[in-house]
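Visitor: I would like to learn how to read a model of this kind, one feature at a time. Where should we begin?

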Amino acid sequence: MSSEADHIRAALDAGRPEEAVRLARLALAICPDAETYALLSAALRALDRPEEAVAAASDALGLSHDHLVARVQRGLALNQLGRSEEALRDFDFVVAQGGRA
């Protein structure tokens with residue numbers, strides 16, 4: 001786990017999703033990775049920006065197809081958008097992998 005990810009996660013845990021988005025975007029500009037995209041997705045969901053959250057989670061999955069946290073984040077964002085069938089596919093994938101997201 002990177003130091004940047006720790007800071008992003010701390011901002012999310014403290015209820016500061018705007019800060020988490022800013023930190024994630026800075027980190028991604030330097031070194032894109034699936035974990036940071038998944039955290040960005042969580043922050044965007046917290047800001048009720050599910051379309052952007054889906055895109056961020058999809059970017060994570062483009063880097064790491066099996067990233068379970070990104071799958072969960074995308075499923076949750078898709079569900080927010082009312083796209084329950086697509087969300088269910090992501091959740092089913094996580095369950096099939098043992099469900100440890």
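Guide: We begin with burial, where a residue counts as buried when its relative accessible area is under 20%, as exposed when it is over 50%, and as partly exposed in between. This is a predicted model, and of the 101 residues of its chain, 40% count as buried.

Visitor: Which secondary-structure elements does the chain have, and in what pattern do they follow along the sequence?

Guide: The chain holds six helices and zero strands, so that reading along the sequence gives α-α-α-α-α-α.

Visitor: How does the radius of gyration of the chain agree with that of a compact globule?

Guide: The general idea is to set the value beside the one that a compact globule with the given number of residues would have; for 101 residues this is near 13 Å, and because the chain has 13 Å, the two agree. Along its principal axes, the C-alpha trace spans about 30 × 25 × 20 Å. Contacts add another view: among those between residues at least 6 apart in sequence, 46% join residues at least 24 apart.

Visitor: Which residues of the largest nonpolar core touch the most other members?

Guide: As a general idea, nonpolar side chains in soluble globular proteins tend to be buried together. Here the largest nonpolar core has 24 residues, and I8, L40 and L44 are the ones that touch the most other members. At least two residues of this core come from each of α1 (3–13), α2 (17–30), α3 (34–46), α4 (50–63) and α5 (68–80), with α3 giving the most, namely seven residues.

Visitor: What does L44 touch, if residues up to four places away in sequence are not counted?

Guide: With those set aside, L44 touches V21, R25, R49, E52, A53 and A56.

Visitor: What should I look for in the backbone angle phi of D48?

Guide: The general expectation is that most residues other than glycine have a negative phi. D48, which is not a glycine, has a positive phi near 60°. The residue is found in the loop between α3 and α4, and it is exposed because its relative accessible area of 58% is over 50%.

Visitor: Is D13 buried or exposed, and where is its place?

Guide: D13 has its place in helix α1, and at 65% relative accessibility it counts as exposed. The C-alpha atoms of D13 and N79 are separated by 22 Å, with their positions 66 residues apart along the chain.

Visitor: How should I read S3 and G98, which have 43% relative accessibility?

Guide: A value between the two cut-offs is read as partly exposed. S3 is found in helix α1 and, at 43%, counts as partly exposed; from C-alpha to C-alpha, S3 and A24 are 12 Å apart in space and 21 residues apart in sequence. G98 lies in the segment after α6 (84–96) and, at 43%, also counts as partly exposed. The C-alpha atoms of G98 and L68, 30 residues apart along the chain, are separated by 9.7 Å.

Visitor: What can be said about the surface and the charges of the whole chain?

Guide: For the surface, one asks how much area is exposed and which atoms supply it: the chain exposes about 5500 Å², of which carbon and sulfur atoms supply 51%. For the charges, one takes the mean position of each sign, and in this chain the mean positions of the 11 positive and 16 negative charges are 1 Å apart.

Methods
Residues are numbered from 1 along each chain as its sequence is written. This is a predicted model: local features need pLDDT of at least 70, side-chain atom pairs count only at pLDDT 80 or more; totals for chains, interfaces and linings use all residues. Side-chain values use heavy atoms; hydrogens and water are left out. A nonpolar core is a set of buried Ala, Val, Leu, Ile, Met, Phe, Trp, Tyr and Cys residues joined through side-chain atoms within 4.5 Å. Buried means under 20% relative accessible area, exposed over 50%, partly exposed in between (1.4 Å probe, protein chains only). Helices (H or I, at least four residues) and strands (E, at least two) are DSSP runs, numbered from the N terminus. Contact means heavy atoms within 4.5 Å. The radius of gyration is taken over C-alpha atoms; the globule rule is 2.2 Å times the number of residues to the power 0.38. Accessible areas come from the Shrake-Rupley method with a 1.4 Å probe; for residues, only the protein chains shown count as cover. Lys and Arg count as positive and Asp and Glu as negative; His and the chain ends are not counted. The place of a charge is taken as NZ of Lys, CZ of Arg, CG of Asp or CD of Glu.
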